[in-house]
Structures are given as structure tokens and as C-alpha cells.
Amino acid sequence: MRVNLPKKAVEVGESGRYIVSMNTDSDFEIFLVASPGFESVLCAEAQANGFREAKPVTGGVTVKGGWPDVWRANLKLRGASSVFARIATFPVFHLAQLDKRARKLAWGQFLRKDVPFRVEASCKHSKIYHSGAVVQRVETAVVETLGAPVSPEAEICLKVRIDDDLCTISIDTSGDSLHKRGHKEAVNKAPMRETLAALFLRQCGYSGTEPVLDPMCGSGTFVIEAAEIAAGLDPGRSRQFAFEKLASFDAAAWQTLRNTGAGTKSDLRFYGCDRDAGAIEMSRANAARAGVTEATSFRQCAIGGLTAPSGPPGLVIVNPPYGTRLGDKKRLYQLYGALGQTLRARFSGWRVALVTSEMSLAAACRLPFAPPSGPVSHGGQRVTLFLTGPLP
């Protein structure tokens with residue numbers, strides 16, 4: 001797919017350095033936002049999906065591509081939280097310079113006159129240190145050169161970052177965070193975001209070719225995400241995106257792209273258990289909205305009553321309570337001990353993945369976990385994935 005839009009606008013600043021807005025029908029830098037600690041995992045997903053020049057950086061992954069790649073990233077990447085299109089980068093040392101350079105950008109290539117926008121800014125190690133003043137200058141530049149209205153509730157958001165006197169302007173092409181797939185309306189306490197569930201599954205080496213069971217499924221996120229991966233369903237298939245309101249949007253090309261991710265029927269089944277009847281009800285409702293009811297099974301069950309389903313072994317993945325989620329540490333250690341005992345006794349051949357905040361809790365399971373990778377951020381806490389090979 002190719003989007004035929006005006007060529008890139010290039011201006012020369014007073015220092016002789018270039019101000020370059022992106023070429024809207026060629027390559028530019030796309031930034032995939034990742035949860036802290038997951039940059040390398042998201043990079044692997046981007047590479048597996050054919051995104052070019054994928055590189056992990058602090059806070060995410062950079063790739064190269066055009067507008068169709070922006071749309072594809074939003075639609076198909078399971079682990080990205082947002083997708084930013086970087087439209088300009090230039091040196092800036094004072095507000096007057098920012099104002100002048102912002103006015104030279106070809107805003108009409110990206111924004112529509114009839115669609116409201118807003119600006120968010122951050123400044124770090126820069127001679128310009130007042131983010132509020134940066135917001136005001138960029139807003140004014142767009143309003144006076146393009147005529148688009150400003151609104152604090154606008155879905156279109158320009159991200160302005162000034163770091164070490166280098167200004168980068170990006171468009172958040174996603175709008176709502178990409179963990180909002182449009183399926184999970186009911187949630188339990190401390191829910192696992194879909195994007196994090198997908199990245200944890202990828203860390204486990206899960207590719208949709210084995211069954212998955214979550215013995216403390218909550219609102220069913222791990223189970224539903226695994227079922228969608230097995231069926232080849234695009235994570236963004238049921239929602240809208242901010243890029244649909246940009247000047248670069250091509251509705252026909254977008255519809256063609258969406259039609260490529262209809263999915264296929266999988267013979268695998270995915271299982272969720274929870275002692276809370278309300279959680280089981282929520283999981284079933286969420287699975288129905290996601291279209292994976294036939295592939296999933298949810299039942300009310302305490303850890304002591306957990307048994308392995310018939311058929312080939314697969315992956316047990318669980319996000320038990322930890323930290324401030326349950327204050328009584330003695331009860332926590334008992335819970336983890338009971339979980340480990342059940343899995344050792346009844347899940348021979350299954351791999352086990354455990355997400356928790358403390359190594360001592362993982363140790364209480366008495367499972368043969370391999371040395372874990374670095375911690376990642378979940379719900380304001382640092383958590384780690386502990387993974388076993390097939391249990392004896």
C-alpha cells in the first residue's frame with residue numbers, strides 16, 4: 001500500500017542545520033512505546049512482524065517505515081502500548097527559535113484543519129526548561145499556520161520532547177493505549193494489561209501452538225490473549241485509532257489491511273480457573289466479546305482442586321497476588337506453596353510461568369525455575385517472570 005501525499009518539507013534554520021518534516025510517502029522513524037523492561041521483547045515482536053531496522057531503546061523500540069507501517073503496528077503488534085510517528089527533529093536553544101521552527105513545519109501534511117489537537121511536552125537537560133511554554137508555542141504555531149482548533153480533550157496529540165537541546169515532535173497515532181483492545185469491559189483487582197500479557201507470553205516462547213492454563217485467571221487476560229494468538233486474530237481488530245483522523249489516512253488502504261487479520265480456527269483450547277465465581281463470569285464475558293468463546297474454558301476452582309486438562313501438555317502461566325496486593329505475607333507463602341505442590345503433583349510435562357514481585361515467593365513454590373531475566377514494571381511495581389522447563 002502506498003499513500004500519495006506531498007513530498008517532505010525541508011527548511012534551513014539560522015544555524016544552517018536542517019529542519020526536516022518526514023516524507024509522508026517514504027521512510028521515517030516510528031517509535032513503539034514499551035513498558036519499562038520489555039524493550040527487547042517488543043523489539044523481537046517487531047522483527048518477527050517484518051518491521052525494518054527495529055532497535056530497542058529506552059522506553060521502547062524504533063523502526064523505519066511509512067504510514068501503512070504505522071497503521072500495521074497499531075493493528076498487529078500485541079506488545080506496544082502506543083505508536084508514535086516522529087514528524088520532525090531539530091536543535092532548539094530558546095523559545096523564539098522553537099516558535100520559528102515550529103511555524104515552518106508543513107502541518108497540513110499530518111493534521112486536518114477540522115480535527116482538534118492538543119500538545120504535551122517534556123524538557124530534559126535543555127536550555128528550554130518550561131514545558132508549559134513549549135506547549136503554548138507549538139499550539140500557537142499550528143493554530144496560526146494551519147487553523148486546526150486546540151482542545152484539551154482532543155484525540156490527536158502532538159508529543160514534543162526537548163532533550164539535550166534537541167527537539168523531537170511526534171504524533172501519537174494510537175489514541176487510547178493499545179492495551180484497550182475493545183473486548184475486556186469487566187476487570188478484577190490488579191488486572192493484567194493485555195499488552196503485558198502478550199509480552200510475558202512471548203518471553204515464555206509461546207507461539208500459539210500449545211494449550212495454556214491460568215489457575216488464577218482473574219478477568220481472563222492471559223487465556224484470551226493466548227487464544228487470540230493461536231487463532232491469528234489481530235489485537236486491534238475491534239477498535240479505532242487516532243491516525244484515522246490524520247491528513248495522511250487512506251480509508252481504502254486501511255480497510256484492505258484490516259481484512260488480512262481475520263484469523264483461522266485453532267483446535268487448541270485455553271483454560272482459566274479462579275476461586276472467585278465473579279471472576280469466572282467476567283472472563284467468560286470478555287472471551288465472548290473477543291470472539292474466542294469456543295476456544296476457551298473457564299471454571300470456578302481453588303488451587304487444591306486444580307487438575308491438568310486432557311490432551312498434550314502446554315504452558316501454565318499465572319500472576320498470583322503479591323506485594324501490596326495482599327498484606328499478609330504468611331498467607332502469601334502458603335498460597336505459593338500450595339500452588340507449587342499442585343503443579344508438581346498434577347502437571348507433569350507442562351511448563352510453568354510465574355509473575356511475581358519477590359524471588360522468595362517464587363522460591364516458596366519449590367519449582368525448578370531457570371534464572372529469571374530482568375524485572376519489568378506492572379501496576380507500579382517491579383515484577384519478574386520465573387519460568388520452568390517441562391515438569392518431571
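**Close-up views of a predicted model**

**View 1. Thr256 in helix H7.** Thr256 is found in helix H7, which covers residues 251-258. The structure shown here, as in every view below, is a predicted model. Is Thr256 buried, partly exposed or exposed? Its relative accessible area is 47%, and because buried means under 20% and exposed over 50%, Thr256 counts as partly exposed. Tyr336 lies 80 residues away from Thr256 along the chain, and the C-alpha atoms of the two are separated by 48 Å.

**View 2. Glu228 in helix H6.** Helix H6 spans residues 221-231, and Glu228 has its place there. With a relative accessible area of 2%, Glu228 is under the 20% limit and is therefore buried. Which residues does Glu228 touch, leaving aside its neighbours within four places in sequence? The contacts are with Arg78, His183, Leu233, Pro235, Arg237, Ala290 and Val292.

**View 3. The largest cavity, with Glu228 in its lining.** The structure holds 3 cavities of 30 Å³ or more. The largest cavity has about 70 Å³ of space. Its lining is made of Arg181, His183, Lys184, Glu194, Thr221, Ile224, Glu225, Glu228, Asn286 and Ala290. The elements that give two or more residues to this lining are H6 and helix H8 (277-290). H6 gives the most, with 4 residues. Sorted by class, the lining of the largest cavity has 5 charged, 3 polar and 2 nonpolar residues.

**View 4. The second largest cavity.** About 40 Å³ of space lies in the second largest cavity. Its lining residues are Asn74, Leu75, Leu77, Leu178, Arg181, Pro235, Gly236, Arg239 and Phe241. How many of the lining residues belong to each class? There are 5 nonpolar, 2 polar and 2 charged residues. Arg181 is named in this lining, and Arg181 is also named in the lining of the largest cavity.

**View 5. The open sheet and its edges.** This sheet is open and is formed by 7 strands with mixed pairing, in the order S12-S11-S10-S13-S14-S16-S15. Which strands are at the edges? They are strand S12 (296-300) and strand S15 (376-378), each of which pairs on one side only. On average, and with direction ignored, neighbouring strands of the sheet are turned by 25 degrees against each other. At the S12 edge, strand S11 (residues 270-274) is joined to S12 by 5 bridges, and the two run parallel. Phe270 has Thr296, in S12, as its bridge partner.

**View 6. Helices on the sheet.** Helix H5 (residues 194-203) packs on the sheet and touches strand S13 (315-318), strand S14 (351-356), S15 and strand S16 (381-387). The direction of H5 makes about 35 degrees with that of S16. Helix H9 (residues 329-346) lies across S13 and S14. The angle between H9 and S14 is about 170 degrees.

**View 7. Strand S13 and its neighbours in the sheet.** In a regular strand, side chains alternate between the two faces of the sheet. Leu315 and Ile317 point one way from S13, while Val316 and Val318 point the other way. Are these residues buried or exposed? All of them are buried. Strand S10 (residues 212-214) pairs with S13 in the parallel sense over 2 bridges, and Val212 stands opposite Leu315. S13 also pairs with S14 in the parallel sense, over 4 bridges. In that pairing, Val316 stands opposite Val352 in S14.

**View 8. Helix H1 and its buried residues.** Helix H1 covers residues 39-48, and its buried residues are Glu39, Val41, Leu42, Cys43, Glu45 and Ala46. What do these buried residues pack against? Their partners are strand S3 (28-33), strand S4 (52-57), strand S5 (60-65), helix H2 (67-76) and H5. Just after H1, Gly50 takes a positive phi of about 80 degrees.

**View 9. The second largest pocket.** The second largest pocket has about 320 Å³ of space. It is lined by 15 residues, and those nearest its centre are Glu45, Asn49, Arg78, Arg202 and Ile229. Glu45 is one of the buried residues of H1, and Arg78 is one of the contacts of Glu228. Which element gives the largest share of the pocket lining? H5 does, with 4 residues. By class, the lining of this pocket divides into 7 nonpolar, 5 charged and 3 polar residues.

How values were computed: Residues are numbered from 1 along each chain as its sequence is written. Side-chain values use heavy atoms; hydrogens and water are left out. Buried means under 20% relative accessible area, exposed over 50%, partly exposed in between (1.4 Å probe, protein chains only). Contact means heavy atoms within 4.5 Å. On a 1 Å grid over the protein atoms alone, a cavity is a set of points where a 1.4 Å probe fits but cannot get out, and a pocket is an open set with protein on both sides within 12 Å along at least five of seven lines; lining residues have an atom within 4 Å of a point. Grid points are joined across faces, edges and corners, and a volume is the space filled by probe spheres set on the points. Ala, Val, Leu, Ile, Met, Phe, Trp, Tyr, Cys and Pro count as nonpolar, Asp, Glu, Lys and Arg as charged, and the others, Gly among them, as polar. Two strands pair if DSSP finds at least two bridges between them. Axes are lines fitted to C-alpha atoms, for helices over the stretch in contact, and angles run from 0 to 180 degrees between N-to-C directions.
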